[in-house]
Amino acid sequence: MTSPFSELATNLDDIARQGLYRSRRVTASPQGINLEIDGRAVVNFCSNDYLGLANHPDVLEAFKAGADRYGVGSGSAHLICGHSAAHHALEEELAEFTGRDRALLFSTGYMANIGAISALLGRGDTVFEDRLNHASLLDGGLLSGARFKRYAHADAADLGAKLENAAGNKLIVTDGVFSMDGDFAPLDGLAVAAKVHDAWLMVDDAHGLGVIGERGGGILEHCGLGQDDVPVLMGTLGKGLGTFGAFVAGSEVLIETLIQKARTYIYTTALPAAVAEATRASLKIAIEENWRRDKLKTLSERFRLGAEQLGLRVMASSSAIQPVLIGDSQQAVDISNALLNAGFLVSAIRPPTVPQGSARLRVTFSALHEERHVDRLLDALAKIIVGRK
Ligand SMILES: *Cc1c(COP(=O)(O)O)cnc(C)c1O
């Protein structure tokens, strides 16, 4: 008798042999640049808490006050009795922050993407996705039942060609800042293609919001594009803003459509009101404290320059995401483990998260890092990678 899961066990062995096995490490400290993980102290270079707000005292204070006022659980979905004054105020503040008519909170970014794309498209329509889009955008497109077309990464011309003769409503979907590469989508070109072909444009700015743009308004502020150019904006709260959750912002008609039709909005419990209160506090800091964005820029540039001098393969990124291309998955994991032994937490990103043969170290910076942290990481990379060659 073979066990019912014997085939799965074989699959797991295959995954391990390819250097693709994934496992968790257990943290015992708050998020920040210094983490206690699996019982050891490390300097953290893999968080998306770019502005260093996940454990900011004002954000913690707002969270606690929110829990005192609203309790912990939100009790139900937004459409039943879970939509608190805190959620409502945060939506209004996010709408103002992004310069849009309205914003709608979702419990996670994954759900926001799936819900929005599936609400806007169905059979007979067409969705256009950048090849390197985040998994949640790809899944949203597939789940919608629309015809699914991928265009070459950051290639507005290829998109334009694919838009010719497309059927039904057309939605172009892209990451704003690509999550595993750190480069920006060519939004001016995409917006023109959308106008020419009468298509809608949706931008997922999970890695730009709070981090890019003079006021932290993200990639759209950086490019000077508004609601008319990009009718659907998705942002997450768990990265630059340091808390949890997500939102979609746009016109009155868009938001009302999502409230009626987005299944991941309707059929799920609202995120805790205390999280909304914490996010209101972190949004305020993100808008006011420009030094956090300036610092990120300085740190990222210092790393990039140093890595280039070491002969490492950095990528075309001008964001706080600075990947070092390794290629082979097992080698990327080995280097990540060696860095951990040296006291640096840097994650190895492997297929299928990135294309075959492009495993990499995804180095990210926080406004709480100092230049000496960057220099120490470069020293460790020099010993581990350059020393091996
Ligand atoms: C993290 C991420 C998401 C998912 O957001 P969650 O709130 O973590 O579910 C969606 N899109 C992109 C580009 C992301 O990086």
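Select His78 to begin: this residue is placed in helix H3, which spans residues 78–82. The model on display is a predicted one. His78 counts as buried, because its relative accessibility is 9%. Display its side chain together with that of His83, and a polar contact of 2.9 Å between the two side chains appears. Which residues does His78 touch, not counting those up to four places away in sequence? They are His83, His87, Leu105, Tyr265, Thr268 and Ala270.

**The aromatic pairs**

Keep Tyr265 selected for a moment and turn to the aromatic rings. A search of the whole structure yields 4 aromatic pairs. One of them is formed by Phe45 and Phe344, with the centres 6.3 Å apart and the planes at 35 degrees, a tilted arrangement. Phe45 belongs to the loop between strand S2 (40–44) and helix H2 (57–70), while Phe344 belongs to strand S11 (residues 344–345), so this pair ties together parts that are 299 residues apart in sequence. Colour the two residues by accessibility: Phe45 has 0% relative accessibility and therefore counts as buried. Phe344, with 5%, also counts as buried.

Next, select Phe106 with Tyr265, which form an edge-to-face aromatic pair, 5.5 Å from centre to centre and with 65 degrees between the planes. Phe106 lies in strand S3 (residues 102–106) and Tyr265 in helix H11 (residues 263–266), so the pair ties together parts that are 159 residues apart in sequence. Are these two residues buried or exposed? Both Phe106 and Tyr265 are buried.

Now extend the earlier selection of Phe45 and Phe344 by adding Phe303 and Phe365. These four residues form one aromatic cluster.

**A buried serine**

Move to Ser319, in the loop between helix H13 (290–309) and strand S10 (321–327). Ser319 has a relative accessible area of 5% and is therefore buried. Select its surroundings, leaving aside neighbours within four places in sequence: Ser319 is in contact with Val177, Gly182, Phe184 and Ser300.

**The two domains**

Colour the protein by domain at this point. Domain 1 consists of 20–51 + 290–388, and domain 2 of 57–288. The C-alpha centres of domain 1 and domain 2 are 27 Å apart. To the contact, domain 1 contributes 21 residues and domain 2 contributes 23 residues.

How much area is buried between domain 1 and domain 2? The value is about 1,600 Å², and carbon and sulfur atoms give 56% of this area. On the side of domain 1, select Tyr50, Leu51 and Arg293, which supply 31% of the area that this domain buries against domain 2, more than any other three residues.

Polar features of the interface may be displayed next. There is 1 salt bridge between domain 1 and domain 2. Select Arg360 and Asp181 to see a salt bridge between their side chains, at 3.1 Å from N to O. Between domain 1 and domain 2, 12 residue pairs are in polar contact, with both residues at pLDDT 80 or more. On the side of domain 1 that touches domain 2, the elements giving two or more residues are H13, S10 and strand S13 (359–364). Of these, H13 gives the most, with 4 residues.

**Backbone features**

The last stops concern the backbone. Select Pro351 and Pro352, which are joined by a cis peptide bond with omega of about 5 degrees. Pro352 is in the loop between strand S12 (347–349) and S13.

Then go to Asp38, which is not a glycine and yet has a positive phi, about 50 degrees. Asp38 is placed in the loop between strand S1 (34–37) and S2. Its relative accessible area is 48%, so Asp38 is partly exposed.

Finish at Ala154, a residue that is not a glycine but has a positive phi of about 55 degrees. Ala154 is located in the loop between strand S5 (147–151) and helix H7 (156–163). With 29% relative accessibility, Ala154 counts as partly exposed.

Technical notes:
Residues are numbered from 1 along each chain as its sequence is written. This is a predicted model: local features need pLDDT of at least 70, side-chain atom pairs count only at pLDDT 80 or more; totals for chains, interfaces and linings use all residues. Side-chain values use heavy atoms; hydrogens and water are left out. Rings of Phe, Tyr and Trp (its six-membered ring) pair if their centres lie within 6.5 Å; planes under 30 degrees apart count as stacked, over 60 as edge-to-face and the rest as tilted. Buried means under 20% relative accessible area, exposed over 50%, partly exposed in between (1.4 Å probe, protein chains only). Contact means heavy atoms within 4.5 Å. Domain bounds come from an automatic or database domain assignment. Buried area is the accessible area (1.4 Å probe) that two parts lose on being put together, summed over both. A salt bridge is a side-chain nitrogen of Lys or Arg within 4 Å of a carboxyl oxygen of Asp or Glu. A polar contact is a pair of N or O atoms within 3.5 Å; within protein, one must be able to donate a hydrogen and the other to accept it, and residues adjacent in sequence count only if both atoms are side-chain atoms.
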